[in-house]
Amino acid sequence: METAVQISKAELALEQFIILIKSISLVDIFDVLIVAFLVYKLITFISETRAGQLIKGVIAVIVLYLFADIFNFKMLETVLKLAVTYGSFALIVVFQPELRKVLEQMGRTTIDSFQVFTPSSESIEKQKNEIRIMINAITEAVAQMSIEHTGALIVIERTTKLGDIIGTGTVIDAIPSSELIQNIFFHNSPLHDGAMIMRNNKLYAGGCYLPLSQNYEISRSLGTRHRAGLGISEVSDSCVIIVSEETGHISVAENGKITTDLGESKLKTMLYRKLMPIEETEKNKSINIIKESFEKTKGKIKTKINFKKQNDDTK
């Protein structure tokens with residue numbers, strides 16, 4: 001009797017499971033995938049910042065609260081309940097830098113990928129020529145300053161606008177050249193002790209103040225100039241070139257990460273790769289390949305259908 005009851009329960013559970021599986025739609029699958037992706041991104045973000053240790057503390061408080069609730073510890077439960085209630089507001093203040101970083105990263109969108117009107121070949125060539133002039137000027141100047149141990153901090157503005165940073169310096173708005181860059185960072189120059197901002201492939205401003213990095217895991221061998229370069233790369237998509245005054249080493253900071261000990265050729269290659277616009281044909285190469293394979297598959301299916309129809313007609 002008991003065995004029969006167990007079998008019926010197992011069959012009922014199996015039927016319910018099958019009904020549940022059948023009720024899952026494509027929307028539900030996308031819903032789960034989006035939530036999983038967001039959870040993954042949240043875990044990745046927490047693991048890469050000091051928020052990880054704070055989250056562990058919050059989890060410990062919640063577990064202690066559940067423990068007090070189960071064993072009916074009234075006083076401890078009341079204290080922890082107040083801590084959880086008002087602690088949520090405190091967390092917003094504590095995590096303010098991390099929350100700001102997340103929102104800024106979410107705000108960075110590659111709008112150029114969704115342009116309705118693609119630029120003409122002449123405008124692309126003009127832009128490429130301007131970028132070439134800028135890159136050559138930067139690499140030549142940086143190589144010379146590296147030999148002379150002249151400190152430099154050059155920020156190339158990209159999608160994220162740096163109007164508030166530019167406001168702290170002096171607007172120049174000139175066509176970049178190696179000589180002009182070296183003159184600005186010359187130790188007797190009034191603008192040498194700040195950052196240079198490149199905007200629209202022009203030397204736009206000098207003597208600008210940058211926010212310092214909040215990353216406490218940065219090597220102690222890196223000075224204030226490197227911390228400032230990392231700081232602006234953490235809150236924007238800028239590409240930052242740094243020359244150390246002490247060692248003469250050339251570094252590039254981007255997305256909160258720094259690459260050190262670069263030579264002139266490596267720096268030039270890196271800047272070309274990061275800054276040069278991608279041709280429309282290259283950008284859509286993968287899409288065209290998918291379209292071609294789809295058309296081939298479509299043609300094969302049509303051929304098979306026509307062949308089957310002919311056989312049916314013959315019969």
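Two strands are said to pair if DSSP finds at least two bridges between them. The legends below describe a predicted model.

**Figure 1. Overview of the protein chain in the predicted model****.** The protein chain contains 12 helices and 7 strands. Of its 315 residues, 27% are buried. Among contacts with a separation of 6 or more, 61% link residues that lie 24 or more positions apart. The accessible surface of the chain comes to about 22000 Å², and carbon and sulfur atoms contribute 62% of this area.

**Figure 2. Strand E6 and its two antiparallel partners, E5 and E7****.** Strand E5 (239-243) and strand E6 (250-254) pair in the antiparallel sense over 4 bridges. Within this pair, Ile242 stands opposite Ser251 of E6. The two strands form a hairpin with 6 residues between them, and Gly248 in the turn has a positive phi of about 80°. On the other hand, E6 is joined by 4 bridges to strand E7 (residues 257-262), and these strands also run antiparallel. Here Ala253 stands opposite Ile258 in E7. The hairpin of E6 and E7 has 2 residues between the strands, and Asn255 in its turn has a positive phi of about 55°.

**Figure 3. The two sides of strand E6****.** Ile250, Val252 and Glu254 point one way from E6, whereas Ser251 and Ala253 point the other way. Residues on both sides are buried. Because 5 of the 5 residues of E6 are buried, this strand is largely enclosed by the rest of the structure.

**Figure 4. The largest nonpolar core, with 29 residues****.** Ile138, Ile181 and Ile241 touch the most other members of this core. The elements that give two or more residues to the core are helices H6 (121-148), H8 (178-185) and H10, together with strands E1 (152-156), E3 (195-199), E5 and E6. Helix H6 supplies the largest share, 8 residues. In soluble globular proteins, nonpolar side chains tend to be buried together.

**Figure 5. The contacts of Ile138, and a separate core****.** Leaving aside residues up to four places away in sequence, Ile138 touches Ile154, Ile156, Ile181, Met198, Ile241 and Leu271. Apart from the core of Figure 4 lies another core, of 18 residues, among them Ile165, Ala205, Leu222 and Ile242.

**Figure 6. The buried and exposed faces of helix H10****.** Helix H10 (residues 264-275) has 12 residues and reaches 16 Å from its first C-alpha to its last, close to the 16 Å expected at 1.5 Å a residue. Leu267, Met270, Leu271 and Leu275 are buried in this helix. These four residues cover an arc of only 105° around the axis, which puts them on the same side of H10. An α-helix has 3.6 residues a turn, so residues three or four places apart point the same way. The face turned away from the buried side of H10 carries the exposed residues Ser265, Lys266 and Arg273.

**Figure 7. Thr150 in the loop between H6 and E1****.** Is Thr150 buried or exposed? Its relative accessible area is 17%. Because buried means under 20% relative accessible area, Thr150 counts as buried. Leaving aside residues up to four places away in sequence, Thr150 touches Met145, Phe185 and Val243.

Methods: Residues numbered from 1 in each chain as written. Predicted model: local features only at pLDDT ≥ 70, side-chain atom pairs only at ≥ 80, totals over all residues. Heavy atoms only, no water. Buried < 20%, exposed > 50% of the residue type's maximum accessible area, 1.4 Å probe, protein only. Contact = heavy atoms within 4.5 Å. Areas by Shrake-Rupley, 256 points an atom, 1.4 Å probe, with all protein chains shown as cover. Expected span 1.5 Å × (residues − 1). Arc of directions from axis to C-beta. Core = buried A, V, L, I, M, F, W, Y, C linked by side-chain atoms within 4.5 Å.
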